[in-house]
Amino acid sequence: MTSEILQKARDYEAQFGAHIRNRPLFHLSPYVGWMNDPNGFSFYKGQYHLFYQYHPYSIQWGPMHWGHAVSKDLLHWEYLPAALAPDQDYDEAGCFSGSAVEMPDGRQLIMYTGVQRKLGVDGSRQDIQAQCLAIGDGLNYEKLDDLNPVLGDPDLPEGFSRLDFRDPKMFQYDDGTYACVIGCRTDDDSGSILLFESDDGLHWHYVTVLDRCYNEFGRMWECPDFFPLDGKQILMTSPQDMSAVGLEFHNGNGTIFLIGTYDHATRTFTRENVQAVDYGLDFYAPQTIVTPDGRRVVIGWMQNWDTCVGGQPRGSSWFGQMTVPRELSFRDGRVIQNPIRELEQMHGRRVYYQDIPVCEETTLRGIFGRTVDMTVTVKPMTEAGYNQFRMKVASGSQHYTSITYTPQTSTLRVSRDHSGSNRDFVHVRECFVREKQGVLKLRVILDRYSAEIFVNDGEQAMSLTFYTPLSADGISFQCLGKALISVEKYDIIG
Ligand code: FRU
C-alpha cells in the first residue's frame, strides 16, 4: 500500500522532476529538490539500485524520504518513484540513511533509520533514532509495521545513545546470515561503530563494538561501511565535527578509511592506520557495493554539510549530486580510488598532446569542455625543475576553477573562489601528493557542475562542485618555470 505521504511525493516528482534539463550528465542528481547521502546502494535483479536521502519539495534538507534510481552501468541513471516516505509513527521525523540486501526469496530488504520526535521530561525536543525494515521488489517497498523498529534503545549496551544511533549498512556472510554496522554516540560524546547480526534479516541482536572514536577523529561517526579489500579490512565512516590535522583531515564533516585487519571468529577489528577518503571540498557519507564481477565500488555524496549553507545555486530545482562511482583497491599502504572503468564507454572524441613545453598561460586546440575525462602528466623540463604548475578548468572571461601543484611543498591545491559563488564558505583545499621521479599525473573528470581529480593513478581524490555558467568551458595550463605536459582528453558523451 502506498501511503498518502509517499503518493504525494511521487506525484510531485513526476510533475516537476521529469522536466529538469540542467543536470550533470553522468553524476546522479535528485529527481527534484534536495539530495544527500547515497542509500541502499545495491545490485538487484540485473541492475544497480541507488537510493538517496531526499526532500523533493525544496532544495533544502527537510523531512527525509528515499529517492530511487537504477542503472545498468552506474553512469546512465533512470529515475524510479520515491521508495520511502516518513509516514509511520516510528519514522515520522524522517527515513534516514540505510542500506539494502537481497533475501533468499528474491525480495529486497531495506534497513533504514527511523526518526521519531518526542518531548523530553524537561519539555525539550528529542529525536529518537531506531532501525526499521522495509521489503520490496525493486519498485515498491512495504515497511514491516509489526516488527519496526527492529533495533533501538533496548538493544543498545549501556553508555550508547538512542538519540544518535543511525545509518545501518547491512552485508551478508557466506552462510547467508546477515550482519550490519551502525554508527552510535557513546557516553564520552564521541562516535563508535557497532556490529549487529541476524539469521533471517528480520530479527537482530547486538554483537560488539568494532571501533570507537574516543574524540580523536571528529565526534559522532555517521554512515559506516565495513568490507574486505585486497587482504585488509576497511571500516569507512563519516565523522562530524573534525578538527584539521595537517593536510590529512580538514575541519567539519570528513570521511575516513580506518584500515586494519579483522578476526571474524572473535569479531575483532584491529585498526592499523587512518586515511582521508577524499581531499577536496565536497564529499561525504559514501557507501560501497561489490559489482557482479567482483569490484568494490564506492559512491559518495558530492557535497559537504558546511557548504550547503548558501551553496545552492539560485533558481535551481535540484541540489546535491553523487560522485562518480570509484573502484577501490589497496596498494602501498593506501586505499586507491579510480573512476569506474565503465566511464570509458562514454568516451567521445580524443585529443592528445605529448610533451608540450608550458610556461605562460596556454590553451591547446581541442582541449575544452565541461563534460570531460582528461589526464594531464606534468614533468620538469630541466634539472632545475619548476616552481608551480596551474591548470584552470570551467574557465571563462570572469570565472575559473584552479588546480595548482607546488613541487617544493608537494601540495596540490584546488580553488573555486573564482567559480561564481557569492557566498563566503570554504572554497580552497590542499593536500600532499607524491610525485614520482618528478612526474605528476592528474586525471580530471568534469561533469558540468563538478570536478573530481584523481592523483597518480588514484592515490588521492579531490572532489568539488561549482555552479559556474556552462559557457565557461575553457581549460588552460600555466607554469612558473618550465614544464613539459602531456594531455589526453576525451569528451564524455551521453
Ligand atoms: C549524514 C546524515 C546521516 C543521516 C542523514 C540524514 O549526512 O547526517 O547520519 O542518516 O544524513 O539525512
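This dialogue looks at the surroundings of a ligand and at some aromatic pairs.

Biologist: What kind of model is this, and how are residues numbered?

Modeller: This is a predicted model, in which local features need pLDDT of at least 70, side-chain atom pairs count only at pLDDT 80 or more, and totals for chains, interfaces and linings use all residues. Residues are numbered from 1 along each chain as its sequence is written, and side-chain values use heavy atoms, with hydrogens and water left out.

Biologist: Which residues around the ligand come nearest?

Modeller: A residue is near a molecule if one of its heavy atoms lies within 4 Å of it. Of the 13 residues around the ligand, the nearest are Asp37, Gln53, Arg166, Asp167 and Glu222. A polar side-chain atom of Asp37 is 2.7 Å from an oxygen atom of the ligand, and a polar side-chain atom of Trp305 lies 2.9 Å from an oxygen atom of the ligand. The protein buries 95% of the 320 Å² that the ligand exposes when taken alone.

Biologist: How is a pair of aromatic rings described?

Modeller: A pair of aromatic rings is described by the distance of the centres and the angle of the planes. Rings of Phe, Tyr and Trp (its six-membered ring) pair if their centres lie within 6.5 Å, and planes under 30 degrees apart count as stacked, over 60 as edge-to-face and the rest as tilted. The whole structure holds 26 aromatic pairs; among them, Phe51 and Tyr141 are edge-to-face, at 5.7 Å centre to centre with 80° between the planes. Phe51 lies in strand E2 and Tyr141 in strand E8, 90 residues apart.

Conventions: Polar contact = N/O pair within 3.5 Å; in protein donor to acceptor, adjacent residues only side chain to side chain. Areas by Shrake-Rupley, 256 points an atom, 1.4 Å probe, with all protein chains shown as cover. Helix = DSSP H or I, 4+ residues; strand = E, 2+ residues; numbered from the N terminus.
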